[in-house]
Amino acid sequence: ERARLFHARAADRALSRFASVEAENNYRAALDMTEAPGERAPLLAGLAKALFYQSRFAEAIQDIREAIRLYQAAGDDEAVARLYTRASRAAWDGADTPGGLALCREGLAALNVMERADLPDTPGLAELLHEAGRECYFNGLPDEARPLCERALGIAERLDLTELQVQILATVGILPAR
């Protein structure tokens, strides 16, 4: 148990210093020492980030998907939303624009975003909606992009997420005028 904790801490510290190969090695060592879903999910998310920083986008998406599965089982919608956003960005950075859009749509469907009235406003939801809007635009679907961005902006304003508001407004700024 102590060795797993030390590996996890070392991985987090290495990742915070952009030592992504060292972080990857420590996340893998920590993952080898646990089967508990609640412990594996954040380790997988960290491993995916380390892989992303190494431009190993397909591998990152694979680990993100596994982390999403574990967070879904735990009912952590915020983590699920954030991870789908991260997976979409990995696809984008890997030059797979259609794949990025597909991941956003999968995330929106997994959270039933369009049907659930009880879904609370969270930073992760705002990020996912914005990323979905951005992906729609860059996949030639600007009419689908605007309502997603507007909903994301409303959430970001209510939660006072200034940096996210700026990002969303930058996306809205490139959308065609109505």
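Ring pairs link Phe-18, Phe-52, Tyr-53 and Phe-57 into a cluster, and that is a friendly place to start looking at this predicted model. From there, this briefing moves to the other aromatic residues, then to the largest pocket, where about 410 Å³ of space lies. After that come some buried residues in the helices and two loop residues with a positive phi.

**Aromatic rings**

- A pair of aromatic rings is described by the distance of the centres and the angle of the planes.
- Searching the whole structure turns up five aromatic pairs.
- One of the pairs joins Phe-52 and Phe-57: the ring centres are 5.3 Å apart and the planes meet at 70°, so this pair is edge-to-face.
- Phe-57 has a relative accessible area of 16%, so this residue is buried.
- Tyr-137 and Phe-138 make another edge-to-face pair, with 4.9 Å from centre to centre and 80° between the planes.
- Both residues of that pair count as partly exposed: Tyr-137 has 26% relative accessibility, and Phe-138 has 39%.
- A charge meets a ring elsewhere: the charged end of Arg-134 sits over the ring of Trp-92, at 4.4 Å from the ring centre.

**Around Tyr-137**

- Tyr-137 has its place in helix H7, which covers residues 123–138.
- Leaving aside residues up to four places away in sequence, Tyr-137 touches Pro-142, Ala-145, Ile-174, Leu-175 and Pro-176.
- How far apart are Tyr-137 and Ile-64 in sequence and in space? They are separated by 73 residues along the sequence and by 24 Å in space, C-alpha to C-alpha.

**The largest pocket**

- Rolling a probe the size of a water molecule over the atoms shows where empty space is left.
- In this model, the largest pocket holds about 410 Å³ of space.
- The lining of this pocket is made up of 14 residues, and the closest to the pocket centre are Thr-85, Arg-86, Arg-89, Glu-127 and Gln-167.
- Which helices each supply at least two residues of the lining? They are helix H3 (37–53), helix H5 (77–93), helix H7 (123–138) and helix H9 (162–174).
- By residue type, the lining divides into seven charged, four nonpolar and three polar residues.

**Buried residues in the helices**

- Arg-4 belongs to helix H1, which spans residues 2–16.
- Is Arg-4 buried or exposed? Its relative accessibility is 7%, and since buried means under 20%, Arg-4 counts as buried.
- The contacts of Arg-4, not counting residues up to four places away in sequence, are with Ala-30, Met-33, Thr-34 and Glu-39.
- Glu-135 is another charged residue, found in helix H7, and it is buried with a relative accessible area of 0%.
- Beyond residues up to four places away in sequence, Glu-135 touches Ser-88, Trp-92, Thr-97, Gly-100, Leu-101 and Cys-104.
- Trp-92 therefore turns up twice in this briefing: its ring lies under the charged end of Arg-134, and Trp-92 is among the residues that Glu-135 touches.
- Ala-152 lies in helix H8, residues 142–158, and counts as buried at 0% relative accessibility.
- Ala-126, Leu-129, His-130 and Ile-168 are the residues touched by Ala-152, again not counting residues up to four places away in sequence.
- Ala-152 and Asp-121 are 31 residues apart in sequence, with 9.3 Å between their C-alpha atoms in space.

**Two loop residues with a positive phi**

- Ser-55 is not a glycine, yet it has a positive phi of about 60°.
- The place to find Ser-55 is the loop between H3 and helix H4 (57–74).
- Ser-55 has a relative accessible area of 47%, so it is partly exposed.
- Asn-112 is also not a glycine, and its phi is positive at about 50°.
- Where does Asn-112 lie? Its place is in the loop between helix H6 (97–110) and H7.
- With a relative accessible area of 35%, Asn-112 is partly exposed.

Definitions and conventions. Residues are numbered from 1 along each chain as its sequence is written. This is a predicted model: local features need pLDDT of at least 70, side-chain atom pairs count only at pLDDT 80 or more; totals for chains, interfaces and linings use all residues. Side-chain values use heavy atoms; hydrogens and water are left out. On a 1 Å grid over the protein atoms alone, a cavity is a set of points where a 1.4 Å probe fits but cannot get out, and a pocket is an open set with protein on both sides within 12 Å along at least five of seven lines; lining residues have an atom within 4 Å of a point. Grid points are joined across faces, edges and corners, and a volume is the space filled by probe spheres set on the points. Helices (H or I, at least four residues) and strands (E, at least two) are DSSP runs, numbered from the N terminus. Rings of Phe, Tyr and Trp (its six-membered ring) pair if their centres lie within 6.5 Å; planes under 30 degrees apart count as stacked, over 60 as edge-to-face and the rest as tilted. Buried means under 20% relative accessible area, exposed over 50%, partly exposed in between (1.4 Å probe, protein chains only). A charge sits over a ring if NZ of Lys or CZ of Arg is within 6 Å of the ring centre and within 35 degrees of the ring normal. Contact means heavy atoms within 4.5 Å.
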